[in-house]
Amino acid sequence: MNGRGRMKESGRMKGASAGMSIRSRLPVMVMMAAVCAACGRGGGTGGADGAMSMEVGAEQTEQTSPVSGEGEVELTLWTYPVGGWGDRTTVSALLRDFRRAYPDIHITVECVDYDTGDARIEEAIQAGEAPDLVFEAPDRIVAGWGERGLMADLSDLWDTGGEGIYEQVRTACCSRDGSYPIFPVCMSAQCMAVNYDLFKEAGALGYIDEETRTWTTEDFIQAVKALKEHGQERVAVVYCGGQGGDQGTRGLVTGLYGGSFTDKDHTAYTVDSQENIRALKLLYDLDGIVFDPAMVGSDEIAQFCRGELAMAFCWNGAFEVTQTIQNPELDFSILPMAFPTPTGQPRLQSGIWGFGVFDNGDGAKLLAAKTFIHYMTEDQGQYTRAVQASHFWPVRDMPDIYANDALMQEYSIFIPYVGDYYQITPRWPQARTAWWEMLQEIGEGADIAAAVRGFSAAVGEWEESP
């Protein structure tokens, strides 16, 4: 029984990618679990509760590092929980070969979570003790710390190792001044998920396309109604207790009636549109959809996996790996889905993660940090392991990286649906805060159009007429 005697067979066997029940995926997922002991909170992935520290060590070898003339170099690497990158055992294994190759470079790793990581890094910055390396996304590394002039330019790494990286990834990693504060490792498609068993019991499977994992806005409305009539009081939640998992609510709202979050050039926010206002009104009025000002994405995932919600808007493949392996309360089959759109043609938000280097004014540390990034991304075997640890996809063509992994093959259906990466728009940190605060106001009964104008004012896109 693989230790999962409570798992149900879903019976959804429409094609190789669409037909995997949780139990039939389990042998593959058990292997993946070896590199995923922690799942984060919020927009990235995964969920370590609290931070973990470790120092990576290995036996000395005859090799010397490029910075050996400077003596031994001590680096700190702080990692957000992107799949297994939030787990000390996984990261230690990933760094072991590097330590053997470059014994003069010592790396101390701190695994931070999405609840406290930003505050901890800000405290370190203010104290003049920012980490040397950080593993996170362009929204923080480029649009956040990079815009403040805190990150080193990694353009030379792009010159030597950037060939083949997808153009949309390259664009997302480039700052407005033309520098590259981040070198990418992996990417994802952010999606949602439904409780397949509950949909079947409620007669709502007819509203989703199991082959393409798509549905229209009208299908979504009818499915919510069917589930509510079946007795599911809380079908889904618009969580807005903070920015954790906000990629889900953004994808939902902007998709329902063809809205957008930013303009195509990523210079301004376009939340204040009739399409988005209409979508927010639909969600507020739709019986079975609840606005919860105390809930963040990780809380929604937990309730969904306990069977308390029929849908989760904060989802991706890494969540299913972690939850299916580690959550004994998960006793139903999960069907990942694209967000609904008027035509059924989805537009999913992408996630990108990679390494940034804080410019701490130490040339030897900067060189050592670049040596580490080059090793982790240019050595084919090491890069494959780094990507697989994230449970996401490489940022360049590697078609066979998950050839024997049924779960990742299933989630690969979403990659062609991914749009551009807009999380590098100026004032992005303010926009994330303004978004969940706007949702809270709407949930408390505020006029929707006024709340949306408040978002625009907070990010400098709207001013009251004199």
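A residue is called buried when its relative accessible area is under 20%, exposed when that value is over 50%, and partly exposed in between. By this yardstick, buried residues make up 60% of the 466 residues in the protein, whose model is a predicted one. The surface that the protein does expose comes to about 17,600 Å², and carbon and sulfur atoms supply 47% of this area.

The protein contains 17 helices and 12 strands. If one looks at contacts with a separation of 6 or more, residues 24 or more positions apart account for 79% of them.

**Helix pairs**

Three pairs of helices are set side by side in the table, and the text afterwards takes up each pair in turn.

| Helix pair | Axis distance | Angle |
|---|---|---|
| α2 and α13 | within 11 Å | roughly 120 degrees |
| α4 and α16 | within 8 Å | roughly 120 degrees |
| α2 and α14 | 10 Å | about 170 degrees |

Helix α2 spans residues 88-101 and helix α13 spans residues 363-378. Because their axes cross at roughly 120 degrees, and because an angle between 115 and 145 degrees is neither roughly perpendicular nor roughly antiparallel, α2 and α13 are oblique to each other. The crossing of these two helices is right-handed. On the side of α2, the residues in contact are Leu94, Leu95, Asp97, Phe98 and Ala101, and they meet Thr371, Phe372, Tyr375 and Met376 of α13. Sorted by class, the residues of this contact are 7 nonpolar, 1 polar and 1 charged.

Helix α2 also packs against helix α14, which covers residues 380-390. Here the angle is about 170 degrees, and since angles over 145 degrees count as roughly antiparallel, α2 and α14 are therefore described as roughly antiparallel to each other. From α2, the residues Thr90, Leu94 and Asp97 take part, while α14 contributes Gln382, Arg385, Ala386 and Ala389. This contact has 3 nonpolar, 2 polar and 2 charged residues. Leu94 and Asp97 of α2 are thus listed in the contact with α13 and again in the contact with α14.

What is the orientation of α4 and α16 to each other? With their axes crossing at roughly 120 degrees, the two helices are oblique. Asp139, Arg140, Ala143 and Gly144 in α4 meet Trp428, Pro429 and Arg432 in α16, and these residues divide into 3 nonpolar, 1 polar and 3 charged.

**Single residues**

Aspartate 139 lies in helix α4, which runs over residues 138-146. Is aspartate 139 buried or exposed? Its relative accessible area is 9%, and because this is under 20%, aspartate 139 counts as buried. Leaving aside residues up to four places away in sequence, aspartate 139 touches Gly144, Tyr421, Gln423, Trp428 and Arg432.

Two other residues have a positive phi although neither of them is a glycine. Histidine 266, with phi near 60 degrees, is placed in the loop between α9 (246-256) and α10 (274-285), and histidine 266 is buried, with a relative accessible area of 12%. Arginine 427 has a phi of about 65 degrees and is found in the loop between α15 (406-411) and α16 (428-443). For arginine 427 the relative accessible area is 32%, and because this value lies between 20% and 50%, arginine 427 is partly exposed.

Key:
Residues numbered from 1 in each chain as written. Predicted model: local features only at pLDDT ≥ 70, side-chain atom pairs only at ≥ 80, totals over all residues. Heavy atoms only, no water. Axes fitted to C-alpha atoms, helices over the stretch in contact; angles between N-to-C directions. Helix = DSSP H or I, 4+ residues; strand = E, 2+ residues; numbered from the N terminus. Parallel < 35°, antiparallel > 145°, perpendicular 65-115°, else oblique. Left-handed = near helix turned anticlockwise from the far one by under 90°. Contact = heavy atoms within 4.5 Å. Nonpolar A, V, L, I, M, F, W, Y, C, P; charged D, E, K, R; others polar. Buried < 20%, exposed > 50% of the residue type's maximum accessible area, 1.4 Å probe, protein only. Areas by Shrake-Rupley, 256 points an atom, 1.4 Å probe, with all protein chains shown as cover.
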